[in-house]
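Subject: A structure for you to look at

Hi there,

Here is the structure I promised to pass on. Have a look at it first, and then read my notes below.

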Amino acid sequence: MATPEMESRAPAASSRPWIDHWLDTLQDLTAMKADHPMMDAVIDEVEGRMIRIGDQWLADFASCNYLGFDLDPEIQAAVPEQLAAWGTHPSWSRLLGSPVLYEQIEERLTALLGCEDTLVLPTITHIHMSVIPLLAASGTIFLDARAHKTIYDGCQVARARGVAVRRFRFEDPEHLDELLGAERDRTRLVCMDGVNSMTGNAPDLPAFAEVARRHGALLYVDDAHGFGVIGERAPDELCPYGRRGNSIVRHFGETYDNVVLIGGFSKSYSSLLAFIACPTELKDLLKVAAPPYLYSGPSPVASLATVLAGFDVNERRGDALREVLYRHTKRVLDAARALGIHTPNRSGLPIVEFPLRDHTRIDSVGRLLFERGVYVTLAAYPLVPRAEVGFRVQLTAANTDEQITRLIAALTELAERGEMQPAGSVIA
Ligand SMILES: Cc1ncc(COP(=O)(O)O)c(C=O)c1O
């Protein structure tokens with residue numbers, strides 16, 4: 001979540017520049033981390049989507065386990081059998097050898113996404129750091145200005161290998177069109193987020209895909225938050241998220257032509273694993289060229305087991321869970337509208353950010369939420385620009401109606417105290 005500002009400030013003159021520069025840049029965050037109950041917290045216990053920190057029980061709105069698979073008894077029950085079969089963690093890198101569970105996962109994932117092929121690796125961060133530099137070759141990357149920090153980091157690795165990086169404005173396919181039109185380099189990679197981890201909105205994927213294809217660029221999309229939540233549209237869908245949770249490309253009825261989709265299981269599927277959906281030719285190349293396939297330790301067996309069980313549950317109950325998720329989110333968004341408070345969320349997806357009227361109030365607003373038993377993600381500077389300092393709420397299907405009522409009561413109290421940005425605020 002770090003902003004580019006974090007990395008561009010000049011180091012202070014100091015005998016310990018390696019630490020003082022960062023302590024200075026991160027002072028707001030460091031101060032909060034030191035003693036705020038909602039940062040760097042130790043969670044003592046969980047019960048459903050309630051968590052206990054010390055003596056305080058709180059409703060958890062900070063997890064990304066959108067479908068509640070982390071708490072699902074059927075998914076939990078799938079683990080012991082695989083542990084008995086494989087041990088906890090056979091530590092071969094994937095090139096050395098992969099338990100057959102990987103084959104099963106890739107086969108089922110490919111069918112779910114409706115793409116040519118898939119390759120799974122432990123995390124999205126591993127994928128960005130290794131695949132972005134490979135795909136960019138020695139060409140030019142066009143980077144969404146508000147892409148996730150891990151995409152930025154992948155682009156930094158590429159830059160260190162001689163790739164040029166140009167930024168296009170967030171949610172602005174016309175600006176991308178302009179930049180691509182002016183570019184002479186023939187090797188072009190466009191990197192962007194799918195469902196945005198802060199705003200909760202999906203980009204206009206068909207517009208970006210059209211621009212990328214017209215200019216002969218490969219579009220690389222990270223849909224960490226969309227996978228499992230949004231999916232293909234159908235007349236019999238239970239809610240506007242669509243069916244099957246098969247991610248942003250299918251949600252928009254797009255094709256995978258010139259599109260590489262990245263996603264992860266660590267959010268909706270509550271498992272440590274990530275994927276790249278790509279042509280088989282690229283998958284085969286990655287098997288010999290992507291360092292995490294060659295050298296990294298694999299995902300734990302428990303995660304492979306919960307991904308496979310997650311596919312079963314998704315098939316049978318996923319749409320019903322997404323309907324619950326949609327309903328919870330709608331309640332929160334309707335309440336925000338009625339209270340006249342601002343959130344950038346236009347999509348109805350379960351990531352709802354609430355910026356504060358005054359960024360210096362983040363500490364006390366966080367404490368009030370904690371006292372009211374509401375656990376959220378605090379977005380302090382420099383994780384976000386000062387105008388966007390506030391908190392982010394994530395809903396999951398495992399939250400209860402009572403927990404949503406508690407959240408809305410806390411939002412109401414904050415609105416009455418004048419802490420929230422009013423609706424209609426425009427963030428620069
Ligand atoms: C958009 C996005 N990409 C990547 C990541 C990192 O994923 P992973 O933990 O699989 O590296 C996150 C995590 O929050 C994310 O929100």
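How do the residues of the lining of the second largest cavity divide into nonpolar, polar and charged? There are seven nonpolar, one polar and no charged residues in that lining. Here Ala, Val, Leu, Ile, Met, Phe, Trp, Tyr, Cys and Pro count as nonpolar, Asp, Glu, Lys and Arg as charged, and the others, Gly among them, as polar.

Before going on, please note that this is a predicted model, in which local features need pLDDT of at least 70, side-chain atom pairs count only at pLDDT 80 or more, and totals for chains, interfaces and linings use all residues. Residues are numbered from 1 along each chain as its sequence is written, and side-chain values use heavy atoms, with hydrogens and water left out.

**Cavities**

On a 1 Å grid over the protein atoms alone, a cavity is a set of points where a 1.4 Å probe fits but cannot get out, a pocket is an open set with protein on both sides within 12 Å along at least five of seven lines, and lining residues have an atom within 4 Å of a point. Points are joined across faces, edges and corners, and a volume is the space filled by probe spheres set on them. The count comes to two cavities of 30 Å³ or more.

The second largest cavity holds about 30 Å³ of space, and its lining includes Trp 92, Tyr 102 and Ser 299. The largest cavity holds about 70 Å³. Among the residues that line the largest cavity are Asp 144, Phe 168 and Glu 171, and its lining has six nonpolar, three polar and three charged residues.

**The ligand and its pocket**

The ligand takes up the second largest pocket (more than half of its atoms lie within 2 Å of the pocket's grid points). That pocket has about 340 Å³ of space and 22 lining residues, with Ile 124, His 148, Ala 224, His 225 and Lys 267 nearest its centre.

Around the ligand (a heavy atom within 4 Å) are residues including Thr 123, Ser 197 and Lys 267. By class, this shell has two nonpolar, six polar and two charged residues.

Now for the polar contacts (pairs of N or O atoms within 3.5 Å). Polar side-chain atoms of Thr 125 and His 148 lie 2.5 Å and 3.3 Å from an oxygen atom of the ligand, while one of Asp 222 lies 2.6 Å from a ligand nitrogen atom. Taken alone, the ligand exposes 390 Å², and the protein buries 82% of that (Shrake-Rupley method, 1.4 Å probe).

Enjoy exploring!

How values were computed. Polar contact = N/O pair within 3.5 Å; in protein donor to acceptor, adjacent residues only side chain to side chain.
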